[in-house]
Amino acid sequence: MTATKNLTSIAEIYKTDKLDHGYTAVYEKYFQNIRDQKLQILEIGIADGKSLLMWSDYFKNSTIIGIDIHKIDIQEKKLERSNIKVHRGSQSDEKFINKLINQYGNFDIIIDDGSHLKKDVIKSFHLLFPHLNNDGLYVVEDIQTSYNHFFGGNPFDLKYSDSHMNFFKHLTDRLNYQEIANPFYISRMYDAKITNISFYHNLVFVRKGVNDKLSKEVLNHSYEDMKFNEKSSRLGKSTRYYFKYKVFYKIYTFFFMILSMLKRLLLLRF
Ligand SMILES: C[S@@+](CC[C@H](N)C(=O)[O-])C[C@H]1O[C@@H](n2cnc3c(N)ncnc32)[C@H](O)[C@@H]1O
């Protein structure tokens with residue numbers, strides 16, 4: 001009986017390398033309060049099926065869906081369990097992923113332990129994140145491949161490369177998108193849809209949720225407009241504040257924007 005065992009003890013039984021990486025202790029913090037719920041869990045990358053067996057024991061009431069680009073012999077890997085489903089296909093194959101979504105609907109937890117290549121990690125995030133339930137978790141394992149050019153990473157340009165780690169680092173700006181004081185701001189795909197991003201050693205967690213609380217600092221991405229409204233409604237003198245915030249401050253913002261754009265252009269940062 002493994003029902004009352006914690007995740008690390010179950011991982012020890014199946015000898016999944018999630019234990020050696022130190023992932024199970026982190027997972028336990030996220031999953032211990034939801035382990036009895038009826039969830040839909042998708043794991044990309046099956047290999048010997050060790051992690052599927054671990055999740056199957058841990059999340060007794062859930063459905064564990066595993067996908068792998070290679071054929072998995074479910075008899076040989078002892079994956080013939082009622083709460084385990086196995087499918088063959090690539091994590092970045094849009095047709096295959098859409099078929100999976102049509103069959104199962106949304107997921108509560110998605111774990112990417114597949115190819116760990118930049119192109120696959122980012123593409124499957126784009127394909128699958130829209131099909132994660134609110135409050136659901138998208139986890140990417142082995143993000144250390146971002147620092148390895150053989151996996152599409154870049155160990156020589158940690159700050160500006162288009163590695164998958166940088167993709168997730170930049171995603172953190174979506175948490176605070178309401179405060180971006182750029183009056184020309186164009187809304188982005190994941191604005192208002194992420195409530196938390198946590199980075200651990202080689203591991204990233206993205207929590208989906210509604211994040212549309214209006215900013216207290218800026219109004220429609222304009223600090224000037226917020227200040228004008230606030231001051232003129234509180235103190236009157238709207239002509240004076242109009243010139244201060246809607247003319248002078250706006251001109252300053254515009255010049256600052258042009259300067260930043262020129263700098264990016266000169267440094268070839270697009
Ligand atoms: C690290 S192993 C998975 C280990 C397993 N999750 C565990 O913890 O026991 C990675 C697996 O991803 C699979 N894989 C590689 N590229 C893939 C892709 N594009 N789509 C889906 N699976 C892929 C490999 O065939 C391999 O079985």
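The points below go through a predicted model, from its overall form to single residues.

1. Overall form. The protein carries 9 helices and 7 strands. Its C-alpha atoms occupy a box of roughly 75 × 40 × 35 Å along the principal axes. The radius of gyration is 23 Å, against a value near 18 Å for a compact globule of 270 residues. Of the 270 residues, 31% are buried. Among contacts with a separation of 6 or more, 54% are between residues 24 or more positions apart.

2. Domains. The division is into domain 1, residues 7-208, and domain 2, residues 223-266. The centres of domain 1 and domain 2, taken over C-alpha atoms, are 42 Å apart. The radius of gyration and the box should be read with this division in mind.

3. Parallel strands. β1 (40-44) pairs with β2 in the parallel sense over 5 bridges, and 4 bridges join β1 to β4, also in parallel. Glu43 takes part in both pairings: Gly66 stands opposite Glu43 in β2, and Ile111 is the bridge partner of Glu43 in β4. β4 in turn runs parallel to β5, with 5 bridges between them. There, Ile109 has Leu137 of β5 as its bridge partner.

4. Cover over the strands. How many residues of β4 are buried? The count is 6 of 6, so far as burial is scored by 20 or more other C-beta atoms within 10 Å. For β2 the count is 5 of 6 residues, and β2 too is mostly covered.

5. Helix α6. This helix spans residues 118-128, and its buried residues are Lys118, Asp120, Val121, Ser124, Phe125 and Leu128. Two of the residues in that list, Lys118 and Asp120, count as charged. The buried residues of α6 pack against three strands and two helices: β1, β4 (107-112), β5 (132-141), α5 (94-104) and α7 (164-171). Strands β1 and β4 are thus named both here and as a parallel pair.

6. Ser124. This residue lies in helix α6. Ser124 counts as buried because 25 C-beta neighbours fall inside 10 Å. Leaving out residues up to four places away in sequence, Ser124 touches Ile44, Gln91, Ser92 and Asp112. One of these contacts, Gln91, is also listed among the residues closest to the ligand. By contrast, Glu179, 55 residues from Ser124 along the chain, has its C-alpha atom 28 Å from that of Ser124.

7. Ligand surroundings. The ligand is surrounded by 22 residues, and the closest are Gly45, Ala47, Ser51, Gln91 and Ser115. Which elements supply at least two residues each to this shell? They are α2 (17-20), β1 (40-44), α4 (50-58) and β2 (63-68). The shell is made up of 5 nonpolar, 9 polar and 8 charged residues. Strands β1 and β2, which contribute to the shell, are also paired with each other.

8. The β6-β7 hairpin. Strands β6 (residues 194-200) and β7 (residues 203-208) pair over 6 bridges in the antiparallel sense. Ile194 is opposite Lys208 in β7. The hairpin has 2 residues between its strands, and Asn202 in the turn has a positive phi of about 65°. For context, most residues other than glycine have a negative phi.

9. His221. This residue sits in the loop between β7 and α8 (223-235). Although not a glycine, His221 has a positive phi of about 70°. Is His221 buried, exposed or partly exposed? His221 is partly exposed, because 19 other C-beta atoms lie within 10 Å and burial takes 20 or more.

10. Leu268. The segment after α9 (238-266) holds Leu268. Leu268 is another residue with a positive phi, about 55°, although it is not a glycine. Leu268 is exposed, because it has 7 other C-beta atoms within 10 Å.

Definitions and conventions: Residues are numbered from 1 along each chain as its sequence is written. This is a predicted model: local features need pLDDT of at least 70, side-chain atom pairs count only at pLDDT 80 or more; totals for chains, interfaces and linings use all residues. A residue is near a molecule or strand if its C-beta atom, placed from the backbone, lies within 6 Å of it. Domain bounds come from an automatic or database domain assignment. The radius of gyration is taken over C-alpha atoms; the globule rule is 2.2 Å times the number of residues to the power 0.38. A residue is buried if 20 or more other C-beta atoms lie within 10 Å of its own, exposed if 12 or fewer, and partly exposed in between; C-beta atoms are placed from the backbone. Two residues are in contact if their C-beta atoms, placed from the backbone, lie within 7 Å. Two strands pair if DSSP finds at least two bridges between them.
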